Amino acid sequence: MTDSTFGTKNPDHDAVLRDVFRDHEDTTVDRYSAEPLTRPHTPSVGELDLEDRSRLRGVMSHTDMTRTEREDGYDVEYRKLRLERVVLVGVWTEGTAAEIDAAMEELKALAETAGSEVVDTLYQKRDKPDPGTYIGQGKVSELKVAINAHEADTVVCDGELSPGQMIALEKALDVKVIDRTMLILDIFAQHAKSREGKTQVALAQMEYLITRVRGWGGALSRQAGGRAGSNGGVGLRGPGETKIEADRRRLRSEMAKLRKELASMKKARDVKAMRRRGSTIPKIAIAGYTNSGKSSLINALTGAGVLVEDALFATLDPTTRRAQLVDGRSIIFSDTVGFVRHLPTQLVEAFRSTLEEVLGADLILHVVDGSDPFPLKQIEAVRGVILDIVREEGVEAPPEIIVVNKIDQADPLVLAELRHALDDVAFVSARTGEGIAELESRIELFLNTLDSHVTLHIPFSRGDVVARVHEEGTVLSESYTEQGTVIDARIPRQLAAQLGEFVAQ
């Protein structure tokens with residue numbers, strides 16, 4: 001077997017196959033990889049994450065299956081998406097040719113992030129997707145020719161396919177067919193690292209797959225029983241249970257277990273959220289489109305070693321970092337999962353903890369990829385998801401500052417368009433550091449609007465209060481009298497209420 005990433009024979013071929021069949025018996029859809037390569041030096045946390053992402057992926061195509069495996073019906077639902085040679089398919093219903101090209105480029109990036117090799121791309125202009133085959137019979141024939149020419153084993157469609165469309169395409173093409181939602185779910189399954197993140201992804205996958213349980217060649221419609229004299233034999237007569245019914249029952253049982261696990265995790269999350277709400281330290285959420293440079297920006301602002309990778313959905317688990325502004329004030333940055341157009345609803349529901357970080361912040365830094373040809377489309381997609389969550393939760397969205405990142409790689413015309421179309425925008429390059437100081441000043445000015453300007457008279461015996469004012473506020477002046485310390489400062493309103501006894505009247 002050839003590994004598509006390195007082009008060499010995989011030395012762990014037998015171990016990979018053992019993992020494949022062990023995973024086939026388990027209802028939980030998860031990721032697997034080979035053992036990490038040994039490094040002579042001690043890597044940092046970011047390097048370990050990157051190394052983990054770059055591990056050899058065992059790839060098993062439909063053509064690699066033995067005849068017995070095909071006849072037995074290798075379950076699509078219980079396989080991980082071991083993509084190898086992929087053909088991308090899209091339907092162009094609106095927008096310009098440049099926009100559909102950008103959409104297909106994004107789908108290609110998603111497929112490559114999942115570990116595949118894209119060999120061809122096809123799309124069709126029509127008013128709406130074909131209800132039977134998504135692309136119509138004529139395009140299906142053309143797609144079949146492309147699959148045979150490139151020896152592809154997977155088709156990825158840029159949209160959410162109905163169960164009927166997926167089955168019709170698989171029957172016509174005799175290869176595995178995956179839609180955009182299934183692809184994104186697989187990427188999340190590969191990249192989730194925390195226990196809660198993995199559980200959320202597994203539940204989201206199962207909720208999506210339970211209506212799409214099927215197998216190759218109609219294998220899942222077989223029954224154990226039958227009439228007397230049939231192949232059922234003694235003790236196996238009767239209607240029996242189809243394999244499709246058994247698999248759905250297993251999925252429902254597993255989903256119930258995962259929901260219980262998430263419910264128990266939510267209690268711990270609620271306790272942490274309550275502690276955060278009780279804190280007076282300002283909280284800033286960094287949100288935005290996937291691969292817009294959110295993790296790079298938090299590193300530039302805080303010096304934290306957050307994983308940075310030029311890949312979609314590199315960050316799935318919320319990362320929190322504490323930093324100090326130039327005036328000495330402490331703030332907390334939260335790096336969140338990236339958004340994408342047509343984000344599966346299952347993931348929006350599953351990653352509630354990440355979205356709570358956004359809604360619970362004092363300020364949102366909305367990071368936009370300035371090097372993207374259509375950054376306004378990214379802003380529209382992100383704001384659409386946040387608006388949906390705000391409506392569902394019944395709360396107000398925090399204020400936001402648009403941060404256009406990667407200006408060192410951006411087209412000047414695109415930047416000019418953004419300057420014309422948007423207000424309150426900061427233009428930065430997290431890689432070169434350009435504009436970072438200006439962004440910090442804008443953050444400081446915004447936080448000043450949340451503060452109270454007070455004069456505090458603090459006895460010498462309350463040094464803890466003086467230390468807290470220095471840590472959480474901005475000290476404008478400090479003097480001493482016989483009674484104690486006099487501080488003129490800007491401090492958070494919540495802290496001002498707590499220190500009311502020291503405020504000069």
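**Notes on helix packing, sheets and a buried strand**

1. Helix α7 passes helix α8 in a left-handed crossing. The model is predicted, and that holds for each point below. Helix α7 covers residues 180–191 and helix α8 covers residues 195–209. Their axes come within 9 Å and cross at roughly 160 degrees. An angle over 145 degrees counts as roughly antiparallel. Helices α7 and α8 are therefore roughly antiparallel to each other.

2. Which residues in α7 and α8 meet? From α7 come T181, M182, L185, D186, F188 and A189. From α8 come V201, A204, Q205, Y208 and L209. Sorted by class, this contact has 8 nonpolar, 2 polar and 1 charged residues. Find D186 in the α7 list, and check its class against that count.

3. Helix α7 also packs against helix α4, residues 97–113. The axes of α4 and α7 come within 9 Å and cross at roughly 40 degrees. Helices α4 and α7 are therefore oblique to each other. Their crossing is left-handed. On α4, the contact is made by E106, L107, L110, A111 and T113. On α7, the contact is made by R180, L183, I184, I187, Q190 and H191. By class, there are 6 nonpolar, 3 polar and 2 charged residues in the contact of α4 with α7.

4. A general point helps here. Two packed helices are described by the angle between their axes and the distance between the axes. Apply this to both pairs. For α7 and α8, the values are roughly 160 degrees and within 9 Å. For α4 and α7, they are roughly 40 degrees and within 9 Å.

5. Helix α7 has a sheet beside it too. It lies across strands β3 and β4, running at about 85 degrees to β4. What is the order of the strands in this open sheet? The order is β2-β1-β3-β4, with parallel pairing. The edge strands are β2 (117–125) and β4 (176–179), and each pairs on one side only. Neighbouring strands are turned by 20 degrees against each other on average, with direction ignored.

6. Look inside that sheet at β1 and β3. Strand β1 is residues 85–92, and strand β3 is residues 154–157. They pair in the parallel sense over 4 bridges. One position to find on screen is V89, which stands opposite C157 in β3.

7. Now take strand β7, residues 330–335. Are its residues buried or exposed? Here, buried means under 20% relative accessible area. Of the 6 residues of β7, 6 are buried, so the strand is largely enclosed by the rest of the structure. Both faces are covered. S330, I332 and S334 are buried on one side, and I331, F333 and D335 are buried on the other.

8. Strand β7 has β5 and β6 as partners. Strand β5 (residues 283–288) pairs with β7 in the parallel sense over 4 bridges. Strand β6 (residues 319–324) pairs with β7 in the antiparallel sense over 6 bridges. D335 is a good place to see both pairings. It is the bridge partner of I286, and T319 stands opposite D335 as well. The hairpin of β6 and β7 has 5 residues between the strands. There, G328 takes a positive phi near 95 degrees.

9. D335 also serves as a landmark for L297. The two are 38 residues apart in sequence and 9.3 Å apart in space, C-alpha to C-alpha. L297 lies in helix α10, residues 294–302. L297 is buried, with a relative accessible area of 0%. What does L297 contact, leaving aside its neighbours within four places in sequence? The residues are V367, V403, V428, A430, I436 and L439.

10. The last sheet is open, with 3 strands in the order β11-β13-β12 and antiparallel pairing. Strands β11 (451–459) and β12 (474–480) stand at the edges. Each has a single partner strand, so one side of each is left without a neighbour in the sheet. The twist averages 15 degrees from one strand to the next. Strand β12 pairs with β13 (residues 484–492) in the antiparallel sense over 6 bridges. T474 has R490 in β13 as its bridge partner. Helix α16 (residues 463–472) lies across β11, β12 and β13, and runs at about 35 degrees to β13.

Methods
Residues numbered from 1 in each chain as written. Predicted model: local features only at pLDDT ≥ 70, side-chain atom pairs only at ≥ 80, totals over all residues. Heavy atoms only, no water. Buried < 20%, exposed > 50% of the residue type's maximum accessible area, 1.4 Å probe, protein only. Helix = DSSP H or I, 4+ residues; strand = E, 2+ residues; numbered from the N terminus. Pairing = 2+ DSSP bridges. Axes fitted to C-alpha atoms, helices over the stretch in contact; angles between N-to-C directions. Parallel < 35°, antiparallel > 145°, perpendicular 65-115°, else oblique. Left-handed = near helix turned anticlockwise from the far one by under 90°. Contact = heavy atoms within 4.5 Å. Nonpolar A, V, L, I, M, F, W, Y, C, P; charged D, E, K, R; others polar.
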